[in-house]
Amino acid sequence: MQPKLSPAQKLEFNIPAKDDVGALGNRINAETKALHDQINAVVTMKFALALRNQKVYRQGLQAFYHIYRHIEIALEREMERDTEYAQMIKNIYQPVLCRTEPLRKDLFYFYEGHSEKYENPILPLQIEYAQHILESTKEKPYLLLAYMHVMYLALFAGVKLLNSQVMKSLKLFPKIKGQSRDDALRQGTNFFKLDVPDTEELRAVYKRDYELQTRNDLPENIKQEIVEESKFVFIMTGKIVKEIESHNIAKLQSNFNYQLKTNLHYVITAVLMISVCYFARNMVSHILLK
Ligand code: HEM
């Protein structure tokens, strides 16, 4: 665990005080607080279940892979353009925070190299959200500032807490012959790793640059749109997490119905045979007792 920055360091990095709602980041945090509390509860609950089942866990990783991948496609697309927003984004962007490659490595591990099973989104909300990210930020590139705040600062708090639970989970990383637990952890927990010596410093630099770029150079109506998009990011993330559970319940249900259908004739035959035996026994005892 990295030590927290001292007040003097915070001053050095020029991070705005939490109650300074002139800072766009703080304003997003304040206006999404209720949504954050909700998602925190949803993720904590579903995550506890996912830790007990590798298949559910990798479905969750896959959902976040599609989210980060599309955000990062949109960020790169914008940075290649010659616009005021491209410059703003470049001044905040930290390649080390990008999660596409780390998540791809984790998926490669959990899907045992079958990339066709995770490369493209299949569930409806995941497809819809991926398209939304690409389309909305093409038309309004400043909306990327919502994704840059919500999805990348999430890596420093919530994701860090989740990592400590993953590292302890024996069900996700069962003992495999010829492989040590450390090897397995190394291959399957890249999502949580930020490859820098000091993550608190990285967070401070990111927050400072975000603040410097967004405080004075954005008109109020654009800031409002960014705050609204941030709310949408929380709402969609929550829905996507819940969609995985609905998908699994539907799959279990259809498996159950399928099993029932395919085994129905056995059930009918068994019931018929029991009935025949029952009648035969009654008839025999009736004849013998006559
Ligand atoms: C189990 C799930 C989660 C837990 C336990 C959690 C926990 C936390 C904590 C402890 C903080 C620090 C609050 C502070 O510094 O005042 C935080 C901040 C934050 N979280 Fe989460 N979080 C979770 C999920 C998420 C998710 C899924 C998102 C994004 C969709 C998210 C986005 C954020 C953002 C944007 C911040 C503000 C960061 C900043 O301004 O430095 N969190 N979270």
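How many nonpolar, polar and charged residues does the shell around the ligand have? In this predicted model, the shell has 10 nonpolar, seven polar and three charged residues.

Let me turn to the residues themselves. There are 20 around the ligand, and those that come nearest are Lys18, Asn29, His36, Arg203 and Lys207. For three of these, I can give a polar distance. The side chain of Lys18 has an N or O atom 2.7 Å from an oxygen atom of the ligand. Asn29 likewise places a polar side-chain atom 2.8 Å from an oxygen atom of the ligand. With His36, the ligand atom is a nitrogen, and an N or O atom of the His36 side chain is 2.9 Å from it.

As for secondary structure, the elements that contribute two or more residues to this shell are helix H3 (33–50), helix H8 (144–153), helix H9 (158–168), helix H11 (199–214) and helix H12 (220–289). Among the contributors, H3 gives the most, with five residues.

I should now like to consider helix H6, which spans residues 100–110. Which residues of helix H6 are buried? They are Thr100, Pro102, Leu103, Asp106, Leu107, Tyr109 and Phe110. As a reminder, an α-helix has 3.6 residues a turn, so residues three or four places apart point the same way. The cover over the buried residues of H6 includes helix H4 (54–79) and helix H10 (181–188).

Finally, a remark on the backbone beyond this helix. H6 is followed by Glu112, which has a positive phi, near 50°.

Key
Residues numbered from 1 in each chain as written. Predicted model: local features only at pLDDT ≥ 70, side-chain atom pairs only at ≥ 80, totals over all residues. Heavy atoms only, no water. Near = heavy atom within 4 Å. Polar contact = N/O pair within 3.5 Å; in protein donor to acceptor, adjacent residues only side chain to side chain. Helix = DSSP H or I, 4+ residues; strand = E, 2+ residues; numbered from the N terminus. Nonpolar A, V, L, I, M, F, W, Y, C, P; charged D, E, K, R; others polar. Buried < 20%, exposed > 50% of the residue type's maximum accessible area, 1.4 Å probe, protein only. Contact = heavy atoms within 4.5 Å.
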